[in-house]
Amino acid sequence: MRNKALWLIVGSLLTAVAGAREAQLIADLEAISSSGQSIQIFSQLSPLQINKIHGWQIVVRAADGEPVSGAEISVSGGMPEHDHGIPTQPRITRQLEPGVYLLKGVRFHMPGKWQLVVEIEQPGQTGRAVIEFEL
Amino acid sequence: MIVRALATASLLAVLGLAFWNFYSPALPTQWTEPQLRLIQSLSLSQLPPLPPDPSNRVADSELAAEFGRALYFDTRLSGTGTVSCASCHQPGLMFSDGLALAVGVASGTRHTPSLVGLSYSPWFYWDGRKDSQWAQALAPLESRHEHASDRLQLSRLIAADSNYRQYYTQLFGTLPEIPLTPESATPASTAALLAAWQTLAASDQVQVSTVFANIGKALAAYQRKLMPGPGRFDDYADASIADAAIHKEQFLSSAETAGLYLFIGKAQCISCHNGPLFTNHEFHNTGVLAVNGQLPAMGRYDGVRIARQDPFNCLGVFSDADAADCLELRFARDENDLVGAHKTPTLRNIAATAPYMHGGQLATLSEVLEHYSEAPTSMLSHNEAKPLGLRPAELRQLQAFLLSLSAPLATPSKWLQAPQR
């Protein structure tokens with residue numbers, strides 16, 4: 001009886017750990033750029049919400065799955081239905097590991113449809129992706 | 001024959017007009033899931049705890065709030081001895097003044113905003129020229145039309161009043177020696193006061209500005225106590241978690257409920273007036289006319305540039321924050337679409353804070369609603385709002401809803417009055 005209870009606890013802990021890892025692996029936003037790179041966005045605030053300044057990790061991989069390192073990445077955009085941009089000017093502050101970039105200063109201020117443009121500049125090529133989402 | 005045709009046409013016209021004015025389709029009986037989420041997002045029960053202000057280490061000190069309260073109601077904080085913070089931000093009017101343009105020592109150029117719940121905002125002033133509540137509190141003290149005092153005189157007041165001196169020492173440590181001459185001085189006002197300021201030693205300038213900054217920090221600690229209380233709308237929103245029924249007459253009348261339906265839907269008010277404080281604390285150009293006799297204001301476009309230059313900002317020497325804490329200032333946007341953009345005010349207790357807009361340009365709520373329904377072309381840059389074409393009946397319903405957002409403050413009454421001296 002005691003053993004069974006112990007196993008139940010161990011089992012639920014393992015499930016919780018697996019769940020947490022899985023949660024980390026699911027990106028908040030995803031897109032494929034015009035140059036075929038995959039872009040995954042992991043937000044500090046997940047699910048995304050309005051009126052809180054926060055950061056994102058942006059993971060960029062080339063079409064062959066290799067991390068894209070040392071690229072210049074910019075994020076801009078806004079709400080097309082309201083003719084205005086993002087209320088802040090987010091920018092990449094550093095590369096955390098190969099292909100993983102830290103974007104700081106993200107904040108949204110309205111519920112509704114947002115459209116972001118992610119540009120990835122590397123020597124000789126520029127990838128561009130438009131990401132639309134609803135808040 | 002002609003008479004009869006005319007009579008029929010007139011009757012139809014009158015009926016049509018009455019229909020346009022008064023008809024209102026019946027609401028559905030249940031909110032949809034997305035509507036419910038929006039309604040609940042507006043409830044005061046969803047208000048998160050007040051975020052810390054790392055730039056002000058006494059922001060959440062009770063002692064600092066007491067010191068701030070005493071300063072807030074003290075007319076000695078003005079050059080004339082007649083104006084206190086409470087002269088314009090009056091507790092009885094939800095910390096506003098009922099005037100189109102503020103009147104301190106002289107007439108000002110902006111409408112006095114309410115202070116209730118303002119501590120949640122990352123930016124202050126209609127154009128966001130200040131990035132903390134303590135830095136905001138400093139500017140009116142030295143402005144010629146508001147308090148018309150200066151940091152040297154104010155520092156001397158703290159030194160001379162034994163009560164203030166005691167508060168100051170407990171909160172900030174030893175009060176420095178305040179120079180006895182000149183009589184008045186500040187780098188942030190007239191040429192004469194600047195010339196006087198330049199006669200002070202650099203070390204004295206830093207010490208006087210530090211005392212001044214600390215006065216602002218105590219005033220901010222006090223203002224962090226000013227919080228809205230829940231009202232009928234909040235009861236309605238909270239009850240709708242259990243039950244998606246639209247009609248709950250015990251909380252909101254049918255006209256108020258119809259107004260809420262428009263507020264989160266067709267009228268799009270919730271785009272900017274979102275969250276439990278009914279504001280996103282952001283800046284928008286909504287085509288409001290310039291204040292009479294003034295050029296159209298540049299709004300946030302100038303405001304963000306002023307904030308970056310402000311010696312009292314989050315990154316400055318008087319701030320208690322690390323640069324890593326100053327995200328809003330470091331990542332503030334400054335593009336052209338901010339020309340003419342002004343801050344979204346809270347709608348809580350909006351009935352008590354007329355007139356409206358950054359220059360008090362619109363006297364009544366019905367004028368405000370007509371303005372948004374029409375969405376006129378902006379004098380500067382572009383109006384973000386689009387025409388809504390609301391019918392008179394709908395405008396009345398929206399107004400009824402807005403008037404339902406009045407409720408007594410959550411702040412204990414001792415904070416709403418001057419301390420006994």
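Angles of 65 to 115 degrees between helix axes count as roughly perpendicular, a range that applies to the first of these close-up views of a predicted model.

**View 1. Packing of helices H11 and H15 in chain B.** Helix H11 (residues 254-263) of chain B packs against helix H15 (residues 392-403) of chain B at an angle of about 100 degrees, and their axes lie 7 Å apart. H11(B) and H15(B) are therefore roughly perpendicular to each other. From H11(B), the residues in contact are Ala255(B), Glu256(B), Ala258(B), Gly259(B), Leu260(B), Leu262(B) and Phe263(B), which meet Glu394(B), Gln397(B), Leu398(B), Ala400(B), Phe401(B) and Leu402(B) in H15(B). Sorted by class, this contact of H11(B) with H15(B) has 9 nonpolar, 2 polar and 2 charged residues.

**View 2. The disulfide of Cys314(B) and Cys326(B).** A search of the whole structure finds 1 disulfide over all chains, and in the pair shown here, Cys314(B) and Cys326(B), the sulfur atoms are 2.1 Å apart. The link is left-handed, with -75 degrees about the S-S bond. Cys314(B) and Cys326(B) both sit in the loop between helix H12 (300-309) and helix H13 (327-330) of chain B, 12 residues apart, and both are buried.

**View 3. Cys88(B) and Cys269(B), each in no disulfide.** For Cys88(B), the nearest cysteine sulfur is that of Cys85(B), 9.2 Å away; at 12% relative accessibility, Cys88(B) counts as buried. For Cys269(B), the nearest cysteine sulfur belongs to Cys272(B) and is 9.5 Å away, and Cys269(B) is likewise buried, with a relative accessible area of 17%.

Definitions and conventions: Residues numbered from 1 in each chain as written. Chains lettered and ligands numbered in written order. Predicted model: local features only at pLDDT ≥ 70, side-chain atom pairs only at ≥ 80, totals over all residues. Heavy atoms only, no water. Axes fitted to C-alpha atoms, helices over the stretch in contact; angles between N-to-C directions. Helix = DSSP H or I, 4+ residues; strand = E, 2+ residues; numbered from the N terminus. Parallel < 35°, antiparallel > 145°, perpendicular 65-115°, else oblique. Contact = heavy atoms within 4.5 Å. Nonpolar A, V, L, I, M, F, W, Y, C, P; charged D, E, K, R; others polar. Disulfide = S-S within 2.5 Å. Buried < 20%, exposed > 50% of the residue type's maximum accessible area, 1.4 Å probe, protein only.
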